[in-house]
Amino acid sequence: MSDTAKRSILAGLRWTSLRLRLLIVFALVALTAAVSASGIAYWLNREAVLTRTQDTALGDFRRQMQTQAASLPLQPTAVDLRDAAEQMASSGPGYHVLLIGTREGKPVTGSSDLDSFTKADVPASLQRQVNKKQPLTSANTFEYHLFWQRTTVGGTPYLVAGTKIIGGGPAGYMLKSLDQEREDLNSLAWSLGIATALALVGSALLAQAAATTVLRPVQRLGDAARKLGEGKLDTRLVVSGTDELADLSHTFNKAASSLEKKVADMSAREESSRRFVADMSHELRTPLTAITAVAEVLEDEADSLDPMIAPAVHLVVSETRRLNDLVENLMEVTRFDAGTARLVLDTVDVADQVTACIDARAWLDAVDLDAERGIMVRLDPRRLDVILANLIGNALKHGGSPVRVSVRTDEDDLVIEVRDHGPGIPQEVLPHVFDRFYKASASRPRSDGSGLGLSIAVENAHIHGGDITASNLPDGEGAVFVLRLPRDAERLTGTQGPDDDPDGNEKGDAT
């Protein structure tokens with residue numbers, strides 16, 4: 001599976017991805033619309049079905065009461081009531097009838113089906129309403145009205161209605177089962193639920209199609225931007241259409257073209273500047289070698305020269321050495337910038353290496369070394385010497401004696417700490433101590449150092465796969481530089497560059 005396909009799948013699975021959010025939004029909108037439409041449709045159909053069934057049953061029951069029950073005698077027998085109830089039920093649209101009259105002051109009942117409908121099935125509230133005589137007014141010309149309500153008996157929904165014959169006739173009650181209507185409404189609910197689910201699936205498919213249509217150009221734009229960030233400045237998008245995404249692609253292509261041109265110009269200028277520094281350093285090396293030789297002869301003869309001339313001779317010798325150090329440092333910087341700096345590895349004892357660095361520069365009296373013999377590492381001895389010379393020289397010059405150098409190991413790393421007892425590094429200077437040509441004091445732009453020593457030291461650490469950090473000790477007890485290198489830099493070994501000089505001797509220039 002290609003990286004693009006993997007990124008596409010992972011992007012689709014992320015909770016924060018635009019594709020997933022589009023799917024969720026589409027699904028929520030479709031679900032809300034479908035549920036709302038289904039709920040309204042179900043409610044309207046339910047009311048229509050129940051109202052139609054109810055109106056039909058109540059209308060027929062009213063007519064039956066007016067014809068059958070009204071023709072009963074004022075003192076009906078139970079048989080009379082039962083026969084009338086059966087006739088009413090048989091001619092009605094599937095309901096049971098219960099008639100209640102009085103004979104000799106006692107209640108008499110007659111039902112079309114005693115097993116299905118008795119007086120106990122009639123809610124007490126409905127019985128009170130049916131038997132309650134209504135006051136006669138201009139708006140109400142009947143003493144008794146037809147009342148109904150829906151109830152549930154044994155889990156089955158029923159419509160119960162009742163009225164009473166005016167003039168002392170019996171009261172009649174009707175019991176109509178709504179089970180068939182409930183089944184019809186359940187079937188309708190299932191149908192609406194399936195329709196809602198299908199709408200949800202359809203919305204997801206539409207959202208996927210819309211997301212693919214919209215996000216594919218965005219994904220191509222993201223891939224192009226990623227390639228551009230990786231340095232492939234010739235990356236361009238294929239523009240199709242005239243919509244906003246096409247305008248975005250046009251804008252990206254213009255930005256990429258402008259960026260490519262500017263980077264090319266900057267690279268050309270940087271290369272020209274780097275070549276100028278390298279050529280200048282090489283050109284200065286030959287006359288500097290001659291000048292250095294003459295300066296050394298003059299230095300040897302300084303004691304025999306005129307006292308008025310001797311200080312000038314010492315100044316010339318000092319500045320010549322400073323210029324020679326600057327040229328060497330510039331050449332080393334150009335090697336790092338050009339990528340030609342290479343490691344020449346050897347297995348060394350760190351304690352011996354640090355001791356040799358200190359002894360070569362006559363720092364034994366000013367440096368306190370804490371290093372056990374036998375710590376063997378594989379690195380470039382010359383570059384380690386450059387790093388140590390710069391760190392220790394910087395501590396001696398800007399810190400305070402004694403300078404303490406401690407060597408230890410941390411798993412697969414070599415750790416060398418260089419600590420001084422000076423005032424420490426100002427907080428505003430601390431982030432810039434490894435910058436090239438950085439001087440801590442703007443009022444002293446000219447000093448013995450070139451401002452390249454620590455930057456060269458950290459570059460040498462980086463080429464080993466390590467690093468150098470600078471910090472202050474608490475309570476103003478001084479500054480500490482920590483060098484961390486891998487104990488085996490074999491995997492970073494490259495072919496020695498043509499400009500590398502294994503016998504070169506970079507000085508410990510302190511910034």
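**Two sheets, two cores and a transmembrane helix**

Let me begin with helix 5, residues 179-229, which lies across strand 4 and strand 5 and runs at about 140 degrees to strand 4. Please keep in mind throughout that this is a predicted model.

Those two strands belong to an open sheet of 5 strands, whose order is 2-1-5-4-3 and whose pairing is antiparallel. At its edges stand strand 2 (106-111) and strand 3 (147-153), each of which pairs on one side only, and from one strand to the next the twist averages 20 degrees. If we look at one pairing in detail, strand 3 and strand 4 (residues 156-164) run antiparallel and are joined by 7 bridges; Thr152, for instance, has Pro157 in strand 4 as its bridge partner. Helix 4 (residues 124-131) also lies across this sheet, over strand 3, strand 4 and strand 5 (171-177), and it runs at about 20 degrees to strand 4.

Now let us move along the chain to the other sheet. It is again open and has 5 strands, but here the order is 7-9-10-12-11 and the pairing is mixed. Strand 7 (367-370) and strand 11 are the edge strands, and neighbouring strands are turned by 15 degrees against each other on average, direction ignored. Strand 7 and strand 9 run parallel and are joined by 4 bridges, with Leu369 standing opposite Val405 in strand 9. Helix 9 packs on this sheet, where it touches strand 7, strand 9, strand 10, strand 11 and strand 12, and its direction makes about 170 degrees with that of strand 12. Helix 10, meanwhile, lies across strand 11 and strand 12, at about 135 degrees to strand 11.

Which residues touch the most other members of the largest nonpolar core? They are Ile416, Ile468 and Leu483, in a core of 38 residues. Several elements give two or more residues to this core, including helix 8 (350-360), strand 8 (376-379) and helix 10 (453-463), while helix 9 gives the most, with 7 residues. Leu483 shows how these pieces meet, since among the residues that it touches are Leu384, Ile387, Leu414, Ile416, Ala461 and Ile468. Apart from this core lies another, of 21 residues, among them Met65, Leu159, Ala161 and Met174.

Finally, I would like to turn to residues 20-44, which an unreviewed UniProt entry annotates as "transmembrane region". In the model this span is 100% helix and 0% strand, and its end C-alpha atoms lie 35 Å apart.

Definitions and conventions: Residues numbered from 1 in each chain as written. Predicted model: local features only at pLDDT ≥ 70, side-chain atom pairs only at ≥ 80, totals over all residues. Heavy atoms only, no water. UniProt positions renumbered as here; feature names shortened; annotations may be inferred. Core = buried A, V, L, I, M, F, W, Y, C linked by side-chain atoms within 4.5 Å. Buried < 20%, exposed > 50% of the residue type's maximum accessible area, 1.4 Å probe, protein only. Contact = heavy atoms within 4.5 Å. Pairing = 2+ DSSP bridges. Axes fitted to C-alpha atoms, helices over the stretch in contact; angles between N-to-C directions. Lists of a residue's contacts leave out its neighbours within four places in sequence.
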